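Here's a structure to poke at, with a few "why is it called that?" questions. Have a look first, then read on.

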Amino acid sequence: MTVYMVRKLGLFVLTLWAAVTLNFLLPRLMPGSPTDAAIAKLAQNGPVSAATRAAIEAQLGVPGGNLWEQYVTYLHQVVTLDFGVSYTFFPQSVGELIWQAFPYTIILLGIVTIVAFILGTLIGVLAAWRRNTWLDALPTLSGTFASTFPYFWAALLLLFFAGYVLHWFPTSGAFGPTATPAFTWDFIVDVAYHAVLPALTILVTSLGGWIIGMRNAMINTLGDDYVTFAEANGLRGRTVAIKYAARNAILPNLTGFGLALGGVVGGSILVEQVFGYPGIGFLLFNAVIGQDYPLMQALFLLITVSVLIANFLVDILYGVLDPRTRR
């Protein structure tokens, strides 16, 4: 087990370095720059001098020097967690913006992802165990139907009917315009009220995948010899389903859960954009539109590291649950 963990840790470090390097290169391969966008606005009123361009670059903190010097500076920023000032939301710092958006994404997507995984897994186990009955047909058909809806389409439907037509829930934002962010019961209730529609969108469109994935894996496991042997020994159906079949069938779903949990930090960009929800996904969209290198790099790095950590933890958990993976 120790050798297995060391091997996985080495792969994690190598992958992290590659991700950090790509995170540095990709924004710089995009056409244009924030300076060009600012100068284009100024050029509408007349020619822009080289001194003005230099002043804008200095104000925005645009990195100078060749690509290697920028890369060394970037690595130092990664180690010190200092990503400078945002171009789009100047003069706010990148760290301040991420700190403001991070709790909303974690609360919304984190809770919904965990709830969807638990519900989908349990329903999938029940559907497989009671296959060819209505307990199998109902969740399978409804899950397949719901999973075909794109996030943004389901979000628009809920926004229109539950928000604009029926006026049941707010249509945008994470809290009301008169609310003051504070750790109080009234503010928590207000945030939860505003998160209902985005959370329901993600839950409805993702639940079917967990149900179908667990059901199919469970059905394959039920045909194995050790499950048949457990049933022949007279064990209760619940014991056979949970301790024998589901324990082994859950491994593929566990991998998907690790990826989904790692992707929580990235947020659901389209859903947050539709509902104007100020999470990480909404922040990333604005950073890309504004060609905000510091903010993009910090967000991409945060998303990448969270996915890598989630995959690393799933690999370790795999080694514990299934000793065959250590070979």
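Axes here are lines fitted to C-alpha atoms, and angles run from 0 to 180 degrees between N-to-C directions. Keep in mind that this is a predicted model.

Q: Why is helix 5 called oblique to helix 13?
A: Their axes come within 8 Å and cross at roughly 135°. Over 145 would count as roughly antiparallel and 65 to 115 as roughly perpendicular, so this angle falls under the rest, and helix 5 is oblique to helix 13.

Q: What makes the contact of helix 5 with helix 13, by residue type?
A: Six nonpolar residues, two polar ones and no charged ones. Leu97, Ile98, Ala101, Phe102 and Thr105 come from helix 5, and they meet Ile280, Gly281 and Leu283 of helix 13. Gly counts as polar.

Q: Why does helix 6 count as oblique to helix 9?
A: The axes of helix 6 (residues 134-147) and helix 9 (residues 196-222) cross at roughly 130° and come within 7 Å. That angle is neither in the 65 to 115 range nor over 145, so helix 6 is oblique to helix 9.

Q: Which residue types make up the contact of helix 6 with helix 9?
A: Five are nonpolar, seven polar and two charged. Among them are Asp136 of helix 6 and Arg215 of helix 9.

Q: Which residues touch the most other members of the largest nonpolar core?
A: Tyr74, Ile98, Leu283, Leu295 and Leu299, out of 22 residues. Helix 14 gives the most to this core, with seven residues. Leu295 touches Ile98 and Leu283, among others.

Key:
Residues numbered from 1 in each chain as written. Predicted model: local features only at pLDDT ≥ 70, side-chain atom pairs only at ≥ 80, totals over all residues. Heavy atoms only, no water. Core = buried A, V, L, I, M, F, W, Y, C linked by side-chain atoms within 4.5 Å. Buried < 20%, exposed > 50% of the residue type's maximum accessible area, 1.4 Å probe, protein only. Helix = DSSP H or I, 4+ residues; strand = E, 2+ residues; numbered from the N terminus. Contact = heavy atoms within 4.5 Å. Parallel < 35°, antiparallel > 145°, perpendicular 65-115°, else oblique. Lists of a residue's contacts leave out its neighbours within four places in sequence.
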